[in-house]
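Biologist: Got a minute to go through this one with me? I'd like to know what stands behind the labels.

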Amino acid sequence: MAGIEGKVIAITGASSGIGEATANHLAERGAHLVLGARRKDRLHAVVDRITAQGGSAVGTVVDVTRREDLKRLTDTAVDHFGRLDVLVSNAGTMAISPLDDLRQDDWDAMVATHVTGLLNGIGAALPLFRRQRCGQFVNVASTAAYVVKSPQAVYAATKTAVKVLTEGLRQEAGPDLRVTLVSPGFTHTEGVGKGASPQAAAALARQRDEIAMPPSAIASAIGYAIEQPDGIDVGEIVVRPTAQA
Ligand code: NDP
């Protein structure tokens, strides 16, 4: 199966930013979407916009830190559309701060969202993909998985974990499954600096406003990986603004 049209694609973190842009990009190309995030109103606004424009989408409230929520997301795909072709694990939090600030709840949230959240997605989708004998994981990491910049230690560590888990999954996936890592650089979303310490948030917002690329740049990279024919596995894509060091 090549292309995007007709594919059943679940996306976590679809209520804003890169997840929302990816949903729009894939809907315009004829995918059936199953969208998840915690903010019900924002999530349903995305679903409503897509369906109003003739696209195919359903939404379900998902907190990726909860195993049962990922199972509900994949079950929703099967119940509504009969299968799941792609799981895009995109949900994330950029609550960045210096280690000395001891914002340990934020550290825990980044570990829970990026590491446990990704594992919950693998736990829900892998058995289904095995039964179907096809399926694709698209995992969203960050350029922080390639280079750590202060004060992003915890964020970079969790995104490095996403990269390592993705490569491990790829090696175990076998010939029927595809596994893709997409690593964005600075992207213009509401999430940049959200929940970060005031100084980090101000620095990130300034940098975002100076150099960030639109989320559609990441959406089209994800679309590229998905539209390849079966048997062609795009392993890793890094997309950053030219101005990003
Ligand atoms: P946004 O804040 O706009 O999007 C993050 C999304 O994740 C939202 O839809 C949010 O929705 C959702 N989310 C957060 N926590 C959870 C959770 N526990 N369960 C379910 N959904 C959750 O930011 P971006 O679009 O920028 O971020 C998307 C991804 O891209 C993240 O993984 C981020 O780390 C990564 N990234 C972003 C970069 C950038 O510069 N913007 C650079 C590199 C990587 P809700 O609150 O409704 O749950």
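Biologist: Where does Pro 151 sit?

Modeller: Pro 151 is in the loop between β5 (135–140) and α5. Keep in mind that this is a predicted model.

Biologist: What kind of peptide bond joins Ser 150 and Pro 151?

Modeller: A cis one, with omega at about 0 degrees.

Biologist: And what makes Leu 102 worth a look?

Modeller: Its phi is near 50 degrees, which is a positive value in a residue other than glycine. Leu 102 belongs to the loop between β4 (86–89) and α4.

Biologist: On to the helices, then. How do you describe two packed helices?

Modeller: You give the angle between their axes and the distance between the axes.

Biologist: Why is α4 called roughly parallel to α5?

Modeller: Helix α4 (residues 104–132) and helix α5 (residues 153–173) pack at about 15 degrees, and their axes are 8 Å apart. Angles under 35 degrees count as roughly parallel, so α4 is roughly parallel to α5. The crossing of this pair is right-handed.

Biologist: Which residues of α4 and α5 meet?

Modeller: On the α4 side they include Trp 107, Met 110, His 114, Leu 118 and Arg 130. Among those they meet in α5 are Val 154, Tyr 155, Lys 159, Leu 165 and Glu 172. By class, the contact of α4 with α5 holds 14 nonpolar, two polar and three charged residues.

Biologist: What makes α1 roughly parallel to α2?

Modeller: The axes of helix α1 (residues 17–28) and helix α2 (residues 40–52) cross at roughly 20 degrees and come within 11 Å. With the cut-off for roughly parallel at under 35 degrees, α1 therefore counts as roughly parallel to α2. Their crossing is right-handed. Glu 20, Ala 23, Asn 24 and Ala 27 of α1 meet Val 46, Arg 49 and Ile 50 of α2. That contact divides into four nonpolar, one polar and two charged residues.

Biologist: Then why is α1 called oblique to α7?

Modeller: α1 and helix α7 (residues 216–227) pack at about 55 degrees, with 8 Å between their axes. Roughly parallel needs an angle under 35, roughly perpendicular takes 65 to 115, and roughly antiparallel starts over 145. The angle of about 55 degrees fits none of these, so α1 is oblique to α7. Here too the crossing is right-handed.

Biologist: What makes up the contact of α1 with α7?

Modeller: α1 brings Ile 18, Ala 21, Thr 22, His 25 and Leu 26. From α7 come residues including Ser 216, Ile 218, Gly 223 and Ile 226. The classes are seven nonpolar, five polar and no charged residues.

Biologist: Now the ligand. How many residues surround the ligand, and which are the closest?

Modeller: 30 residues surround it, and the closest are Ser 15, Ile 18, Arg 38, Tyr 155 and Thr 189.

Biologist: How do you know that Tyr 155 makes a polar contact with the ligand?

Modeller: A polar side-chain atom of Tyr 155 is 2.7 Å from an oxygen atom of the ligand. A polar contact is a pair of N or O atoms within 3.5 Å, so this pair counts.

Biologist: And what do Gly 13 and Thr 187 have there?

Modeller: Gly 13 has a backbone N or O atom 3.1 Å from a ligand oxygen atom. For Thr 187, a polar backbone atom is 2.8 Å from an oxygen atom of the ligand. With the limit at 3.5 Å, both are therefore polar contacts.

Technical notes: Residues are numbered from 1 along each chain as its sequence is written. This is a predicted model: local features need pLDDT of at least 70, side-chain atom pairs count only at pLDDT 80 or more; totals for chains, interfaces and linings use all residues. Side-chain values use heavy atoms; hydrogens and water are left out. Axes are lines fitted to C-alpha atoms, for helices over the stretch in contact, and angles run from 0 to 180 degrees between N-to-C directions. Helices (H or I, at least four residues) and strands (E, at least two) are DSSP runs, numbered from the N terminus. A crossing is left-handed if the near helix is turned anticlockwise from the far one by less than a right angle, and right-handed if clockwise. Contact means heavy atoms within 4.5 Å. Ala, Val, Leu, Ile, Met, Phe, Trp, Tyr, Cys and Pro count as nonpolar, Asp, Glu, Lys and Arg as charged, and the others, Gly among them, as polar. A residue is near a molecule or strand if one of its heavy atoms lies within 4 Å of it. A polar contact is a pair of N or O atoms within 3.5 Å; within protein, one must be able to donate a hydrogen and the other to accept it, and residues adjacent in sequence count only if both atoms are side-chain atoms.
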